[in-house]
Amino acid sequence: MKLAVNGADKSFGKKKAVEHIDLSVEEGTIHGLLGSNGAGKTTLMKVMSGIYKADTGSVTYDDNNIFENPSVKSDVIFMHDIPFFFKGATLKKMAKFYKTMYKNWSDDRFRQLAAHFGIVTDKQLNQMSKGMKRQAAFILAFSARPKVMLLDEPFDGLDPIMRKQVKNILMQDIANHNMTVVASSHNLREMEDLCDSVSIMHDGKILYHKELTDIRGTHCKLQIAFKELPGDEFFTDLNIVHHKTKGRIITCIVKGNIDQLEEKVTKYNPLMYDILPLTLEEIFTYEMGELGYEISNIIVE
Amino acid sequence: MKSQTSLLNKGLFSHFSGTIFWLTVVFMAMNIIALPLSLWIVTYDRDLIPGYTMPDNLLFQMSAGQIIIGMIFAVFLAMFLLNYLNDEASSDFMHSLPIKRTAVLTHALMTGFAAITIPLLITAVILLLERIVFIPEIALMEIGKWLLYSIFVNCVIFLISVFAGFLVNGIFLHLQMILLALFLPLALWGLIYGAAAVLFDGISQSFIEHSEPVLNATFPYIAVTQLYSGLDVTLNLVWAIIAAVLLLLSFVLYRYRKNEYVTDSFNYQWLKSALVAVLSTGGMLAMGTAVSLLFIPLSVTISIVGFIIGAIVTYIIAEMLFQKNAKIDMNWKTFLLTLIVIGVFWAIFIPAWSNYTSSVPEASKVDSVYVSSDYEYYTNISIEEYFEDGFLYDNHPRTIQNAVNIHEAAVQEKSVPGNYSGEETAILNIKYKMTDGTVMSRSFSTLKADAPLFADVNNLKNSQYDINSDFLANLKQHPDMIDLILFSGMVNADKSFIDDYKENTDALMSYNPYIVNQTGQVEMSANYKNNYESGFSSIYNSAVLDRIHASDISVSDTLFLDQSSAMYVAEPEQADMADFFTDYHSLNIEELTEKYNLKALSEAEKEETLTAVNNGELAPEGNKLLLFSYPNYTATSEDYAADIDFSIIAIQ
């Protein structure tokens, strides 16, 4: 399902928590919603899941509005940052409840995932650890086989192995069922290897929205050492958009045709050089810097 | 087929019913204890009681406890079913599910209705079995009526409670809203009435008389009282309509509910401000009235301080409760609104009650009047139900004009209650039945006891026998009447005695009005299925004397003459009769003896008098009066009026 947020606003009294958001997420992709605490990510996720009604604008899935629309909601699962389970409920009881709610629920998948994660289905969920609850929430969400998953800080509380496993299952569902995922996080590195596209939210607005493949295809990091530092023509010739100089070593972000970069670099007789892909943080350092924002002010590790 | 495609969702039902399962079990258990078990215990040994007859509506009378338990259950039911709305996590989860809000509410309501109905049905089945095995007197129809009424009452309370749940977020706040919805009008009216009674003289003593609309707006009250007074179809229909409207409004409020405000205590800030303002006004009245009761004799200023402190304290407490925090945030809008409401309240309260207590009707608009300088024994409801038209009320134009004059004098002479002047005060009650069918009641308690108007009150009655105040002369042949109890419980009589008494009242009208009004009054009672009424009638009525002669008691027994230790005979002249009775109420026995030459009877004379009285030798047409002390009388030097220790009977 294709998700489209068109001009959505959400206010809490006089405070605008989400301001004129336009966002489009293609079917079968993962979109990362990044931003510091209080940026408006969770509010936007709740608007996207139909919990809140947008004050203005709309949230549609394949052109169908989600608010108070069970037929759309049955294909969309929202996983809260703190998983919610009924008081005293076990995973089995929650599964029974989910089964009556979500039309694509798979008992087989539930059994497989419960066994895979090693969760005791008869134990009260509220007595489990934070990580176990998170795993239980993922088991329920994956077993419901939604077309869209909205994940609010999904990896909080999971150990690295579990994160990897969850990410793998997520990827499988995207590959096999063309599932669409929107995941919010305040952690850039967490989303590094996961997202096809990302948005950065700050003060209720989306400051930046881009496909990561586009960025990675047009930008790279160049670390280069010289006997003598080159002149300004080096920066303009290589189309360097951001650089740091330390002694005779320059670390820079280069925009443009990466295939021809090596040829251009060798013209300046470097002692040595290395061309590396950009990390998300570096992309944002550059992009946000261009927009006039300091990335460290927006995304806190 | 998966249930999410059907109209009702099994999972949601299962969730809601699981939430209230144990609560329902407790309700059912308490239901069984409160009704079938209690009924069995009450009627268990009825065969051992001779002449025991089971009241027709015993089931309804016994179900008061069960109805109250049911209402409390319905409140908790709504609170727990809607508890998912009170917490951000549960609210978000429930509203992220693929089910419409209206459907969620429908499921919650249906679960609630089932939880109300199923235990009551089980209780009804137990009652049916009980009827078959132990208590055949309970009619099948009664059980059916009880079941429907119980379901109705619980459902109305449940729907009121559900509606209240959409106004706030928080289970404790929800409970507060329910209590306010159910009892705020009554509590507020009670406080207004209480404050008015403390600050103004001339207000009716009977709170109930002025409170019918408010009591009718208090559903728990009318739900219980109908068990005794019988079901009021119109009133129940009105409440059914109110419940239906609240149900509809609940859906509307839920539809437009903003989940993002789940962390706010109130979904509508204006409601919080309005409630704080109203509660502050109520608290102001409560504390102000309490302080005024204690301090008005000393200082009006202290009373005013009491009102101000009451308002401030209640404002703070209301804000604490409504903000769910002892550390409250001051909201200037709420504060200003509270000040305005309090200001408007006093601006209406003082002139309205001043006008109320000072208003005197035009004689031409009065149909009949009842004036009394004694405490009120009857409510308008009991007068209408059990007595003939005209009981207590006199429709003679002269009496009406005199009553209006007395009322005007009382308005002029009244002062602030509690403003103790050191002089003895007396009570004056005036009730008018107006020509338009309304009733106007006023009670004064600050009038000086020796005020001339009280002499006028006595004169109102002394032109002839006060037949309007005679209990038996005005008693209806009510279908619920079981029997009559004469002479403070000494003799029982059936309903036919009422007719016997009424047939012999003409003679009473021909007797000396002072004597027949102020002597020979004996207590009579009527026993009803659900009620008990009592009053005074004349022993001079020949039917009464015949009844005594036919029984195994004597006239002296009925008057406790045989237990009298001191007797005097007085023979005032006809012209002095009014003064004599005025003095009887004000002078002590020694002063009365001296002034009217009372003759103290010797032991032999007492015996002789007793015999004569027991032979029926009473003479209300004459002027010979026997003053006899009440039982356990001992002569004291204290300055009591003679009427405290002595009664009077007219003898031959």
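## A loop residue in chain B

F560(B) is partly exposed, since 16 other C-beta atoms lie within 10 Å (20 or more would make a residue buried and 12 or fewer exposed, with C-beta atoms placed from the backbone). Its phi is near 60°, a positive value in a residue other than glycine. F560(B) sits in the loop between α23 (555–559) and β8 (567–570) of chain B. Helices (H or I, at least four residues) and strands (E, at least two) are DSSP runs numbered from the N terminus.

This is a predicted model, in which local features need pLDDT of at least 70 and side-chain atom pairs count only at pLDDT 80 or more, while totals for chains, interfaces and linings use all residues. Residues are numbered from 1 along each chain as its sequence is written, and chains are lettered from A and ligands numbered from 1 in the order in which they are written.

## Chain B overall

Chain B holds 27 helices and eleven strands. Its C-alpha trace spans about 100 × 65 × 45 Å along the principal axes.

Of the 652 residues in chain B, 38% are buried. Among the contacts in chain B with a separation of 6 or more, 79% link residues 24 or more positions apart (a contact means C-beta atoms, placed from the backbone, within 7 Å).

## Helix pairs in chain B

How do α12 (residues 269–295) and α14 (residues 332–358) of chain B cross? Their axes come within 8 Å and cross at roughly 45°, which makes α12(B) oblique to α14(B). Axes are lines fitted to C-alpha atoms, for helices over the stretch in contact, and angles run from 0 to 180 degrees between N-to-C directions. Under 35 degrees counts as roughly parallel, over 145 as roughly antiparallel, 65 to 115 as roughly perpendicular and the rest as oblique. The crossing of α12(B) and α14(B) is right-handed (the near helix is turned clockwise from the far one by less than a right angle; anticlockwise would be left-handed). On the α12(B) side the contact is made by S273(B), V276(B), A277(B), V278(B), S280(B), T281(B) and M284(B). On the α14(B) side it is made by K333(B), T334(B), L337(B), T338(B), V341(B), I342(B) and F345(B).

A second pair consists of α3 (residues 64–81) and α10 (residues 219–229) of chain B, packed at an angle of about 160° with axes 9 Å apart. α3(B) and α10(B) are therefore roughly antiparallel to each other, and α3(B) passes α10(B) in a right-handed crossing. A64(B), I67(B), I68(B) and M71(B) of α3(B) make this contact with P220(B), A223(B), V224(B) and L227(B) of α10(B).

## Where chains A and B meet

The contact between the chains takes 20 residues from chain B and 21 residues from chain A. On the side of chain B that touches chain A, α1 (10–43) and α4 (88–96) of chain B each supply at least two residues. The largest share of that side, six residues, comes from α4(B).

## The six-stranded sheet of chain A

Chain A has an open sheet of six strands in the order β6-β7-β8-β3-β9-β10, with mixed pairing (two strands pair if DSSP finds at least two bridges between them). Its edge strands are β6 (76–79) and β10 (205–211) of chain A, each paired on one side only. From one strand to the next the twist averages 15°. Within the sheet, β7 (residues 148–152) and β8 (residues 180–185) of chain A run parallel and are joined by five bridges. V148(A) has T180(A) as its bridge partner in β8(A).

UniProt, in an unreviewed entry, places the feature "domain: ABC transporter" at residues 3–228 of chain A; positions are in the numbering used here, feature names are shortened, and annotations may be inferred rather than shown by experiment. Over residues 3–228 chain A is 34% helix and 31% strand, and the end C-alpha atoms are 52 Å apart.

## The four-stranded sheet of chain A

Another open sheet in chain A has four strands, ordered β12-β13-β11-β14, with antiparallel pairing. β12 (240–246) and β14 (272–276) of chain A stand at the edges with a single partner strand each, so one side of each is left without a neighbour in the sheet. Neighbouring strands of this sheet are turned by 15° against each other on average, direction ignored. Seven bridges pair β11 (residues 219–225) with β13 (residues 249–255) of chain A in the antiparallel sense, and in β13(A) the bridge partner of H219(A) is K255(A).

N239(A) lies in the loop between α9 (232–237) and β12 of chain A. N239(A) is not a glycine, yet has a positive phi of about 55°. With 14 other C-beta atoms within 10 Å, N239(A) is partly exposed.

Technical notes
Two residues are in contact if their C-beta atoms, placed from the backbone, lie within 7 Å.
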